[in-house]
Amino acid sequence: MTIETTRDIAQLDRFLTSIFEGLPIAPGTICRIAYQFLENWGVRVTDENRGWIERRSEKSYIREWSSGTKETNDAIEKATREADLGGNSFLNTMVATTAVKALLEMYEPGRRIRICDVGTGAGDTISAILDSMQSYRLQDIVKQCSFYLIEPSVDRLRHATRRLEKHGIIERRVKPEFIGMGTTEGRIFGDLKDGIFDLIVSSAVFHHLSFPTYLNRINDKLTNDGALIIGDWYTTIWQHPAYMVPVLQGIGAEQERIVEFERFFNLDTHNIRELDGKLRLEQKEANKRMYDYIFHMVREMKTLKVRSQLLLFEAHESVDDRLGKLERAGFEISVERLRESTVMKSIVSGFEPGGERPYLSLFRKKHDIAGVIPVKKKVST
Amino acid sequence: MKSTPPPGKAPTIDSRRTEDEIVELDTALCDVTRGRGIKLGSVAKLASGNLGRWGIDLTDENRRFVYGRSQQFYDRDTQERIDYEFSAGTDIPSHTIDRIELETSMARTMGQLVNEILLTLVEGKETLKVLDLVARHGHLTVQTTIHAQMDDRMTELHRNVEFLLLDTSAKRLRDAERILNSTQNRYETTTEKDEVFLKNSADGSFDVVMSLGHFHNKAFLGDYLRELKRVIVPGGALVVGDFYSNLWRSPYLVRNLLRGLALEDKRLGLFEEIMKGYCKQPSNSGITNSELVAGDTHLQDWIETAKNLGTISRTARPPLYLLKGHRTSREMVDELTHAGFEIDKGKLSSAFPKMRSEPLRRITSGSDFAVVMVAKR
């Protein structure tokens, strides 16, 4: 059965909420998952309902982020450690060192370099970039940079700006610019003109964005020689409801609820085997790690004094899916062509020899769960 | 009973010199924070250079006792925290987000420095050995390996590098192992107390020793640094990231902190009575602006920590102790120099020509609070 109307989608959300009733974590709206998987969950995305689904997803994520506390952040960090994933600081380091390589290629004395961080949060990614630049004694480049920080939470933006302005690489007399930008109703870049940014970075953000519209906007705002550096976490467990059964089992759902869930989505024991058959070993490993992370996170949340507003469903996808979206949004993903580009020159030398994807794995390809994708705009010849 | 000063030396106001007097001081200070989650702790944990300002007269006779007492209390603190982590399944929330962010920046900076130093040291060597001293969850080693991934020379270099992570907590090292198992680096872990491990290590066991957020837990640094120098190969490096502060240099500053932690007037009065003569506002002459900023940052960090503790679920958590061995980065440089390390910037650049980074780096502009430094054996 496939549904299309917003009423039916809201009804599906209510059903899913009821399945998770009394469990340590609520699912959130199905609209939160990456849009290409909605069909597998029985939701057909149409021109009529797309806007509604996109807004529902966005509201859910923004509400979740606004209610974030130090406690919940600590719980997430601990869960990533327990799942052998380390944490976002390692991903940020990798994004930063890649970004600095691109900056070194862009640098010319006197040239203003505009860098945008999409989903700044507390400024961790820009802080990591400044750390790397300080390490390479790139104070001269920093002076020529304008950093645009995009973040829906005004408090976090304020904290990020204050923090970054005090970074050790900043010299008193000449500072780089830090321009904070909030977002309203998903208009990430506000009224900024096209082709303004030399470098756009983002770390652990895009798995919160269900539709790829943001990639088109990013492409518009990037210069023709600019670079987009994405650090993120990847998994396919939201791809199909069959992957939720181990989650329900792992977080203590009663057997009756699980059976109800399986009946609703017409699942049987063959589903996961069939789905896994199409995955590479690294992707299967990534899914295992994501399950571990979810179980550890749920366990941590049980110890919190105040019930957390963290929700289960996310917009993770595979690296291949992400690359496909980037290509459709007008980015160059061919390793061969990226090698020809000046700004990517020193970055691409870090790709796996013979590798066909512009992807730098955080864990040396043992599992595909986290890494950096560096791309640039596809320029028509 | 107060002792009389030796002949020829001017008497200090209520100075303590004997073991009994020092224990009596600690006991009296216990009452100031009795029943509170954040306690003063023992004065023996203060950096040895600060003891005089707290009325402790460090002599040849009492030095061994004070040293032993500081070790005893630091070991007990560490064990309490490890026991808590084991039983509660979580780390004790003792730091603010700002402090954690600074520590991450230091780890990143140190990872870069260590890799650049290793590039110099690798010539003519089959294996390079790096000790992560008091590694905790292995954050520093992992940051070092991630940096190496982004550069072909360093990726190649790491095939010749063996990391040894040392900590007293097996649980923390297991966290480190699980992450490092996902990388391709060679490493081992060992659960042992740092002093015991160093004593049992041969001369020149390591090419590089790195340590993050640890030295401020050492009241007496001289002998410790000399031991570190012994276990590092000649020409090797010590890379230190730590928090520096002069907050503990004067009881007056600590009284301000206690007031900021909302200690009642009666207890503040008791503190002033115990530290009579030493509770006057200290002169800032000779203190740099960045050191003043660091002291203020440290104070604010404690006040923020106290607020955060109030929001965390209680599970018989151990107390947090204020008095520690923090010093200024200048004092640290002096300690390193006295221990025989080379700290001169020009000489370090010559010794490690592949080191692109500054050998002494302040993480926050204008503040001495978080600093990374390199010293050459």
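1. According to the domain assignment, chain B holds domain 1, made of residues 25-90 + 248-285 + 299-321, and domain 2, made of residues 97-244 + 328-376. The model is a predicted one, and the points below should be read with that in mind.

2. The C-alpha centres of domain 1 of chain B and domain 2 of chain B lie 28 Å apart. Where these domains touch, 14 residues of domain 1 of chain B are in contact with 9 residues of domain 2 of chain B. On the domain 1 side of this contact, the largest share, 7 residues, is supplied by helix α2 (residues 63-88) of chain B. By residue character, that side of domain 1 of chain B divides into 7 nonpolar, 4 polar and 3 charged residues.

3. Turning to the contact between the chains, 34 residues of chain B are in contact with 32 residues of chain A. On the chain B side, the elements that give two or more residues are α3 (97-121), α4 (139-149), α6 (170-180) and β8 (360-362) of chain B, and α3(B) gives the most, with 7 residues. The residues of chain B that touch chain A divide into 7 nonpolar, 18 polar and 9 charged.

4. How do α3(B) and α4(B), both of which appear in that contact with chain A, lie with respect to each other? Two packed helices are described by the angle between their axes and the distance between the axes. The axes of α3(B) and α4(B) come within 8 Å and cross at roughly 60°; an angle of 35 degrees or more but under 65 counts as oblique, and α3(B) and α4(B) are therefore oblique to each other. The crossing in which α3(B) passes α4(B) is right-handed.

5. Which residues make up the contact of α3(B) with α4(B)? From α3(B) come B:Ala107, B:Arg108, B:Met110, B:Gly111, B:Gln112, B:Val114 and B:Asn115, and these meet B:His139, B:Leu140, B:Gln143, B:Thr144, B:His147 and B:Ala148 in α4(B). Taken together, the residues of this contact divide into 5 nonpolar, 7 polar and 1 charged.

6. Is α4(B) largely enclosed by the rest of the structure or left open, and what supports the reading? A residue is buried if 20 or more other C-beta atoms lie within 10 Å of its own. Since 11 of the 11 residues of α4(B) are buried, the helix is largely enclosed by the rest of the structure. Among these buried residues are B:Thr141, B:Val142, B:Thr145, B:Ile146 and B:Gln149, and the buried residues also include B:His139, B:Leu140, B:Gln143, B:Thr144, B:His147 and B:Ala148, which meet α3(B).

Conventions. Residues are numbered from 1 along each chain as its sequence is written. Chains are lettered from A and ligands numbered from 1 in the order in which they are written. This is a predicted model: local features need pLDDT of at least 70, side-chain atom pairs count only at pLDDT 80 or more; totals for chains, interfaces and linings use all residues. Domain bounds come from an automatic or database domain assignment. Two residues are in contact if their C-beta atoms, placed from the backbone, lie within 7 Å. Helices (H or I, at least four residues) and strands (E, at least two) are DSSP runs, numbered from the N terminus. Ala, Val, Leu, Ile, Met, Phe, Trp, Tyr, Cys and Pro count as nonpolar, Asp, Glu, Lys and Arg as charged, and the others, Gly among them, as polar. Axes are lines fitted to C-alpha atoms, for helices over the stretch in contact, and angles run from 0 to 180 degrees between N-to-C directions. Angles under 35 degrees count as roughly parallel, over 145 as roughly antiparallel, 65 to 115 as roughly perpendicular and the rest as oblique. A crossing is left-handed if the near helix is turned anticlockwise from the far one by less than a right angle, and right-handed if clockwise. A residue is buried if 20 or more other C-beta atoms lie within 10 Å of its own, exposed if 12 or fewer, and partly exposed in between; C-beta atoms are placed from the backbone.
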